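Visitor: I would like a close look at one single part of this assembly, taken slowly and with its surroundings. Could you start from one pairing of strands and work outward from there?

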Amino acid sequence: MAQDRKIQFATQVIAKIEAQQGAHTPSVPSKSHSAVPGSLEEYNLTKAGYTRSVTYSTRSAYQYNKTHTSINKSLGGNGYIDINATQPGDSWTSFISPQATWDANVSNWEAVDDTWDGIITISSAVVQLSSDANALAFCYIKNTGSNTVKITLQYGAGSPTYPFKLVAGSSIHFKGYSTNLTLNKIGVVRDSSDSTIEYVIAKV
Amino acid sequence: MATNDVTVTVKNFCVPQELESTGVKWYLDSDCGRKLSGSAVLASEMGNTVAFVDSTSSFPVDLEAGFDFFYLKCVSGSDVKLSLDGGSNYLISLSVGEAFASYVDSSAADIKFDTTGSSTVQYLTIT
């Protein structure tokens, strides 16, 4: 059993808007340079001068992304949460530690929520991340597959809603409020095609 | 992508940690073993209407539904609680300095948030 556990977390959001730079030609200075201006007693330095001509070609129009003008900064925040040192079984994360030993794991090895690589397949059947009914302290889910998945905070309800979506590669994390959200209410299902996730779900 | 399209890069990180047995030092949690993160650039998933409120202390804020992306930060004060069903159930909590961001289902996420005392928040929606 762990002595204590905590989770640090952070979020970063950068909103950009596409802008267009029209075709343009920078001003074209045609410059003449003397190597050294003026003259000395015995000879005229300007004879060593040369003419350097600089030309710029016309640049065609192009598009680029700039920080959204109504925001003008990156957004985000961070924090940490103390979680219970004793989490409900091995399935509080989708991972199996490389240091794990057979007899240190209390879950059944044939259970679907134990995987060696931390990857859970998400298909048309909603996957409940934990059956534990304790209040949720923290949940992190990442879509490690190639297709969008949806998340419900009402697993087991008659008609659960799926307010959150995760596109491929993205992740989400949140803390539970008071005791209103329990571990067993978190479920994940595919949007249209199968995908995979990894997760951490911790009780208070 | 048409001119003036909006894109959002969203990243979420977390680092589960475990205190070793003598109670001196924190390590990566041995049940997980690594830092976790995910990121994505949302573009075609969203519309182009951006509404950004840099600071407000007026609560509750009832945004209702219809958004493709939602970001909320508790800037100062008491914890902020977030509901996805119009305020019937507050399920998510944010303490000072913490932020929440997600691609949301425009029809399923009925967003409302409130303070548990007195707070200042910053939020962004994209429709």
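Guide: In this predicted model, strands β7(B) and β8(B) pair in the antiparallel sense over 4 bridges. The two strands form a hairpin with 6 residues between them, and in its turn B:G86 has a positive phi of about 75°. Within this pairing, B:S83 of β7(B) has B:Y90 of β8(B) as its bridge partner.

The side chains of β7(B) divide between two directions, with B:V80 and B:L82 pointing one way and B:K81 and B:S83 pointing the other way. All four of these residues are buried, the lysine and the serine as well as the valine and the leucine.

On its other pairing, β7, which covers residues 80-83 of chain B, meets β10, residues 111-115 of chain B, again in the antiparallel sense and over 4 bridges. Here B:L82 stands opposite B:F113 of β10(B).

From β8(B) the pairing continues across the chain boundary, for β8, residues 90-94 of chain B, pairs with β11(A) in the antiparallel sense over 2 bridges. At this junction A:K175 has B:S93 in β8(B) as its bridge partner.

These pairings belong to an open sheet of 8 strands, with antiparallel pairing and the order β6(A)-β13(A)-β8(A)-β11(A)-β8(B)-β7(B)-β10(B)-β5(B). Its edge strands are β6 of chain A, at residues 120-122, and β5 of chain B, at residues 61-64, each of which pairs on one side only. From one strand to the next, the twist averages 35°.

The contact between the chains reaches beyond that junction, taking 56 residues from chain A and 57 residues from chain B. On the chain A side, β1 (4-21), β4 (62-67), β5 (75-83), β8 (136-143), β10 (164-166) and β11 (171-176) each supply at least two residues to the side that touches chain B. Of these, β1(A) gives the most, with 16 residues. By class, the side of chain A that touches chain B has 23 nonpolar, 24 polar and 9 charged residues.

The largest nonpolar core has 73 residues, and those that touch the most other members are A:I141, A:V200, A:I201, B:V8, B:F69, B:Y71 and B:L72. In soluble globular proteins, nonpolar side chains tend to be buried together. Leaving aside residues up to four places away in sequence, B:Y71 touches A:V13 and A:L75 in chain A, together with B:A99, B:A101, B:Y123 and B:L124 in chain B.

As for the chain that holds the hairpin, chain B has 0 helices and 11 strands, and its C-alpha trace spans about 55 × 40 × 25 Å along its principal axes. Buried residues make up 40% of the 127 residues in chain B, and, among the contacts in chain B with a separation of 6 or more, 74% are between residues 24 or more positions apart.

Notes: Residues numbered from 1 in each chain as written. Chains lettered and ligands numbered in written order. Predicted model: local features only at pLDDT ≥ 70, side-chain atom pairs only at ≥ 80, totals over all residues. Core = buried A, V, L, I, M, F, W, Y, C linked by C-beta atoms within 7 Å. Buried ≥ 20, exposed ≤ 12 C-beta atoms within 10 Å, placed from the backbone. Contact = placed C-beta atoms within 7 Å. Pairing = 2+ DSSP bridges. Axes fitted to C-alpha atoms, helices over the stretch in contact; angles between N-to-C directions. Nonpolar A, V, L, I, M, F, W, Y, C, P; charged D, E, K, R; others polar.
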